[in-house]
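Q: I'm new to protein structures and would like a close look at a single part. Could you walk me through the aromatic rings and the nonpolar core around them?

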Amino acid sequence: MGHRYEISDADWDRIKGHLPGQPGQHGGVAEDNRRFINAVLWVARTGAAWADLPGRLGNPNRQWRRFDRWAERGRWDPILAAVRDPDLDVLILDSIAVRAHPCAAGAKKKWDGAGGQDDQALGRSRGGFGAKTHGSFDGLGHPVELLLTAARESDIAQAGALPADHAPGVVIAGRGYDQKALVGEVESRGAVAVIPAQKNRARRREVDPHLYAERNACERFGSQVKRYRRVATRYEKRAANSLA
């Protein structure tokens, strides 16, 4: 019998072939991919420190180092790509604000390509010290693309990157995404922009209320994913680890 917070057999079957360390691949064979995934899920769900990892889930330091390597090398991205809907009809844009625990601060400063200091996607806003996850979601509320920024970053500033190379029939977003450049980009792809106009617009865009109601799917995703305590509150110092 499995323990709480561990990956189900059905979900494991969907992702196991996309994990690194398979027999026949370049490099060594992974010690136990499923136990590692369960360790990550346990830490994410409970919010506990890696040092408190139960013995049945492996050596805490070794599992954390493996998680850190995967995050740095982008190992989680192919897994997300493998399970997302390949034929998107609906794409929903939204963001999720997350408060940061004090222990998330203090990462080693690095210089970014623009000549400034990398803030590790942490900053202050009216809601306090934290981060923001910008995402695009399919019609069922499953994530398609995810980006992490400091909490002060506006939704529209990251909206242009969220459709990526997808070709949905409809793009749904809240009023905060009403910008001519974004609407024009959506329509240039042959998609319908279901984005209500700002209240100060002289001309209002017609929006199908039944389509707009589907935006609730990504809000339900936010409610579900925040059951994981390390998602609801950011403990990770590095942006790559937090997004992973």
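A: Happy to help: what follows goes from one ring pair to the core around the rings, and then to a few other places for context.

Please keep in mind that this is a predicted model. Aromatic rings are a friendly place to begin, and a pair of them is described by the distance of the centres and the angle of the planes. In this structure there are six aromatic pairs. Take Phe 36 and Trp 70: their ring centres are 4.8 Å apart and their planes meet at 65 degrees, so the pair counts as edge-to-face, since the cut-off for that label is over 60 degrees. Now find the two residues along the chain. Phe 36 sits in helix H2 (residues 33-46) and Trp 70 in helix H3 (residues 60-73), so this pair links distant parts of the chain, 34 residues apart. Both Phe 36 and Trp 70 are buried.

These two rings also have company. Phe 36, Trp 50, Phe 67, Trp 70 and Trp 76 are linked by ring pairs into a cluster. If you zoom in on Trp 70, you will find that Trp 70 touches residues including Leu 19, Pro 20, Asn 33, Ile 37, Arg 75 and Ile 79.

Next, step back to the core. In soluble globular proteins, nonpolar side chains tend to be buried together. The largest nonpolar core here has 18 residues, and Phe 36, Ile 37, Trp 70 and Trp 76 are those with the most contacts inside it. Helices H1 (9-15), H2, H3 and H4 (76-83) each supply at least two residues of this core. Helix H2 gives the most, with six residues. Apart from this core lies another one, of 15 residues, among them Val 144, Ala 159, Ala 173 and Val 183.

For context, here is a second ring pair. Phe 137 and Phe 221 have their centres 5.1 Å apart with 50 degrees between the planes, and this aromatic pair is tilted. Phe 137 lies in strand E3 (residues 128-137) and Phe 221 in helix H8 (residues 216-225), so the pair ties together parts that are 84 residues apart in sequence. Phe 137 is buried, with a relative accessible area of 3%.

Finally, a ring can have a charged neighbour too: Arg 45 lies over the face of Tyr 228, at 5.0 Å from the ring centre.

How values were computed
Residues are numbered from 1 along each chain as its sequence is written. This is a predicted model: local features need pLDDT of at least 70, side-chain atom pairs count only at pLDDT 80 or more; totals for chains, interfaces and linings use all residues. Side-chain values use heavy atoms; hydrogens and water are left out. Rings of Phe, Tyr and Trp (its six-membered ring) pair if their centres lie within 6.5 Å; planes under 30 degrees apart count as stacked, over 60 as edge-to-face and the rest as tilted. Helices (H or I, at least four residues) and strands (E, at least two) are DSSP runs, numbered from the N terminus. Buried means under 20% relative accessible area, exposed over 50%, partly exposed in between (1.4 Å probe, protein chains only). A charge sits over a ring if NZ of Lys or CZ of Arg is within 6 Å of the ring centre and within 35 degrees of the ring normal. A nonpolar core is a set of buried Ala, Val, Leu, Ile, Met, Phe, Trp, Tyr and Cys residues joined through side-chain atoms within 4.5 Å. Contact means heavy atoms within 4.5 Å. Lists of a residue's contacts leave out its neighbours within four places in sequence.
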